[in-house]
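Please describe the fold in this model, the strand pairing, the core and a few loop positions. Please also say how far the prediction can be trusted.

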Amino acid sequence: GNCFPCPLEGCPMMGHYADRFPEKLKRENQKYFLNTAADEPFATWRQKVFIKLSGVKKTRGDINLVFYDTQGHTKEYEIANGDLSQDKVYTKYLNVEINPKNTTKIEFLWNKAIFSLLWARLGAESVNIVHGADG
């Protein structure tokens, strides 16, 4: 209960990928944070997500991915929000709490931010999720 809020310069990191933030290692007398899952075994799996959209040229809303596992657990992650464009590839690193070996399905969700009388279609032309040494 004493961890947050983080200082303006951000929370110092520990664990996997902490070496990617060398400027944070130079500070002294600071608290460190380690991302974990909510349930045992408390490990999170880093995954890099790339999504290229298809359908409408431009719209507002948010894109989420929902991960499902073999035990019936689900976890939803936001990938992008705001102005969404067909010509952009959305990339995000996720600390996924569901073991990739136990993932049965990943669902693409799009939520429109504004009401419109025009029906807009939006989908993913491609979704690429990378895990392993880099994610």
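The report below covers the model's basis and confidence, then the overall layout, the sheet, the core and two loop residues.

This is a predicted model, in which local features need pLDDT of at least 70 and side-chain atom pairs count only at pLDDT 80 or more, while totals for chains, interfaces and linings use all residues. Residues are numbered from 1 along each chain as its sequence is written, and side-chain values use heavy atoms, with hydrogens and water left out.

**Confidence**

pLDDT is the predictor's confidence in each residue, on a scale from 0 to 100. The protein chain has an average pLDDT of 75, and 64% of its residues score at least 70. Confidence is lowest in α1, with a mean of 66, and highest in β3, with 90. Where pLDDT is low, the predicted coordinates should not be read in detail.

**Overall layout**

The protein chain holds one helix and six strands, and from the N terminus their order is α-β-β-β-β-β-β. Helices (H or I, at least four residues) and strands (E, at least two) are DSSP runs, numbered from the N terminus. Of the 135 residues in the protein chain, 29% are buried. Buried means under 20% relative accessible area, exposed means over 50%, and partly exposed lies in between (1.4 Å probe, protein chains only). The exposed surface of the protein chain is about 9400 Å², and 52% of it comes from carbon and sulfur atoms. These areas come from the Shrake-Rupley method with a 1.4 Å probe; for residues, only the protein chains shown count as cover.

A contact means heavy atoms within 4.5 Å. Among contacts in the protein chain with a separation of 6 or more, 64% are between residues 24 or more positions apart.

**The sheet around β2**

Three strands form an open, antiparallel sheet in the order β3-β2-β5. Because β3 and β5 stand at the edges with a single partner strand each, one side of each is left without a neighbour in the sheet. From one strand to the next, the twist averages 20 degrees; axes are lines fitted to C-alpha atoms, for helices over the stretch in contact, and angles run from 0 to 180 degrees between N-to-C directions.

Strand β2 (residues 58-69) is mostly covered, with nine of its twelve residues buried. Eleven bridges join β2 to antiparallel β3 (residues 74-85), and nine bridges join β2 to β5 (residues 103-112), also antiparallel. Two strands count as paired if DSSP finds at least two bridges between them. The hairpin of β2 and β3 has four residues between the strands, and there Gly 72 takes a positive phi near 90 degrees.

Some of the facing residues are listed here.

| Residue | Opposite residue | Strand of the opposite residue |
|---|---|---|
| Thr 59 | Leu 84 | β3 |
| Val 66 | Glu 76 | β3 |
| Ile 63 | Trp 110 | β5 |
| Phe 67 | Ile 106 | β5 |

**The core**

A nonpolar core is a set of buried Ala, Val, Leu, Ile, Met, Phe, Trp, Tyr and Cys residues joined through side-chain atoms within 4.5 Å. The largest one has 15 residues, and Ile 51, Phe 67, Ile 79, Leu 84 and Leu 94 touch the most other members. At least two residues of this core come from each of β1, β2, β3 and β4 (89-96). The biggest share is from β3, with four residues.

Apart from neighbours within four places in sequence, Ile 79 has contacts that include Val 49, Ile 51, Ile 63, Leu 65, Tyr 90 and Leu 94.

**Two loop residues**

Thr 70 sits in the loop between β2 and β3. With a relative accessibility of 54%, Thr 70 counts as exposed. Outside its neighbours within four places in sequence, Thr 70 is in contact with Asn 102 and Thr 104. The C-alpha atoms of Thr 70 and Thr 104 are 6.0 Å apart, although 34 residues separate them in sequence.

Ala 38 belongs to the loop between α1 (22-25) and β1 (45-55). Ala 38 is exposed, at a relative accessible area of 56%. A C-alpha separation of 7.7 Å links Ala 38 with Glu 97, which is 59 residues away along the chain.
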